[in-house]
Amino acid sequence: ERCRDHYFCERCPERCQLLISVFFVSLGILLIGIAMSQCGRQLPSFFLVLPVGVYALLLLPFWVYSVDIRGFANRCGGPLPLFGTMWSFMNGMESGLALFVFGILALVFVLRKRIPMFSPPIMGFLASMLALSRLDHIFISGSFFLFYLLAVVFHRTRKSLNEFLLFTTCLAIPLLIYMIINYAYAGTILPVSGSLKSTFPRPTWDNFHNMFTGLTQIPSGDMGIDKFYRMTQILIPCVAVVMFFWTTRYRNLMIRTLILRVQKFDQFDVFLLVTGIGVFLLEGYNFLFVPMWEMGQWYFPVPILFVSLMLLNSINRNRVKEDAKSLKFIIYGVMCVLVFVFLHRRPEYHRQFTNFYFVEAKAVQEYYGKNRPKLIEYDDGIVAFSTRYPTMSGFGYTLDKEAYQAKKEGRFLELALKRGFDRMTTLAYINLKSVQKPQEIGTDISRVQKSVTRFMEDSQRYDIFLDYVSPADTFWIFRFQPKVSNGKLHK
């Protein structure tokens, strides 16, 4: 009640953002169902399973064992909800928008024959929106570019060339506008976060080891489940793509034949074929060039949905006869509710963030009053989001060009101090409970420095001062200044 009274009015935009995400995901799934029905199919009752999804059902036994039986939990977030359900993407982030655009893309693709003049530019625009919703989904957009390109190569007609040019123009223009705005505002054409999280063009061979250990070893601690889901979101969609290509009735056709006779085939099948190529490329890129711990569970909305669509399409295409359909509707509906209530809904998940957002942020604001501190935050934005204080990203994901260059050169703190950012904090990624109580601070500086500065490449040149500790001793803010003594921690 206290949280609601204090924050209801000023936090309405965040609540609206979450509701919009729910709307996007729900409408995206609905549009995919409409796209399938436009191909002359009757949706099977299995369509009701889509909110849970085949991917999540495959993970379910491991999740029950790890979270519910063994009691493993994420160190920062607590007991994890069942990832891979469509509810996982109703998170207020970009995942819901990506699924919504993907649903529109599916519908327009299967209706291409009915709107031949307008489908290429609409497809191009939607492909660009899919890429802009999550930039790494450019691989999926690129697979549709490849589809139109191959049509030009094999058809060699003016019509196919015009369609390719229209598609490409409408794909490229929004992306170019985005890059121009980025360059004008931040001095880079692509986000800094993409550069920091990617090792391209050098593969990160650690993921081969992570894949093996994450999927073959019984988890022995809280980190096991984090490694497991990060690897399965790479492996399972790739296996689904291979299975789809292997089981589809078009597997023996040459690409040339498929393109030349594309209008004679089931258009939803073709849509999944094109999407599957993009999914495989996207997952391959992340496996080779993105370190495991940089992959969030919300990164792969379309690949994870593809796993369900592959099986759903197989059931629908083969026209499996359904008896007692009404009973199946009830069973599937009840199953979805049970999975949501007992496996997905984890009230303790992100309790730490919730408490900070509604309670501790207000205490911080009261402590500093009008003297708003400038913070270096080693989180994903929760402190800046909750306190509204000026903040630089300690991880570097939202830095400007100058700060990004300084971070690469090991002089990040030096630049931050010049800009007035003389305090550092983190809520989730440093275990501050291992640090001594405030009255004991200074008795073991090495433990404090290790906890506070392990992310900071140039921290040894600076003294650390404790600036703020929350009443519950769960959140600390430290102040930095150029070193004037031999590593003494000041209170």
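This is a chat about the nonpolar cores and the sheet of a predicted model.

Student: Which residues touch the most other members in the largest nonpolar core?

Tutor: In this predicted model, the largest nonpolar core has 88 residues, and those that touch the most other members are Trp63, Phe144 and Phe271.

Student: And which helix gives the most to this core?

Tutor: That is helix H4, which covers residues 94-110 and gives 11 residues to the core.

Student: Is there another core apart from it, and how many residues are in that one?

Tutor: Another core lies apart from the largest one and has 21 residues, including Ile376, Met392, Ala403 and Ala416.

Student: Back to Trp63, what is it in contact with?

Tutor: If we leave aside the neighbours within four places in sequence, Trp63 is in contact with Asp68, Leu80, Pro81, Leu82, Phe83, Ile225, Tyr229 and Arg346.

Student: New topic: what is the strand order in the open sheet?

Tutor: The open sheet has 5 strands in the order S2-S1-S3-S5-S4, and the pairing is mixed. Its edge strands, each of which pairs on one side only, are S2 (391-393) and S4 (462-469), while the twist from one strand to the next averages 30 degrees.

Student: In what sense do S4 and S5 pair?

Tutor: S4 and S5, the latter being residues 476-482, pair in the antiparallel sense over 7 bridges, and Asp463 stands opposite Gln481 in S5.

Student: Which helix lies across S3, S4 and S5?

Tutor: Helix H15, residues 351-368, lies across S4, S5 and strand S3 (423-426), and this helix runs at about 110 degrees to S4.

Key: Residues numbered from 1 in each chain as written. Predicted model: local features only at pLDDT ≥ 70, side-chain atom pairs only at ≥ 80, totals over all residues. Heavy atoms only, no water. Core = buried A, V, L, I, M, F, W, Y, C linked by side-chain atoms within 4.5 Å. Buried < 20%, exposed > 50% of the residue type's maximum accessible area, 1.4 Å probe, protein only. Helix = DSSP H or I, 4+ residues; strand = E, 2+ residues; numbered from the N terminus. Contact = heavy atoms within 4.5 Å. Pairing = 2+ DSSP bridges. Axes fitted to C-alpha atoms, helices over the stretch in contact; angles between N-to-C directions.
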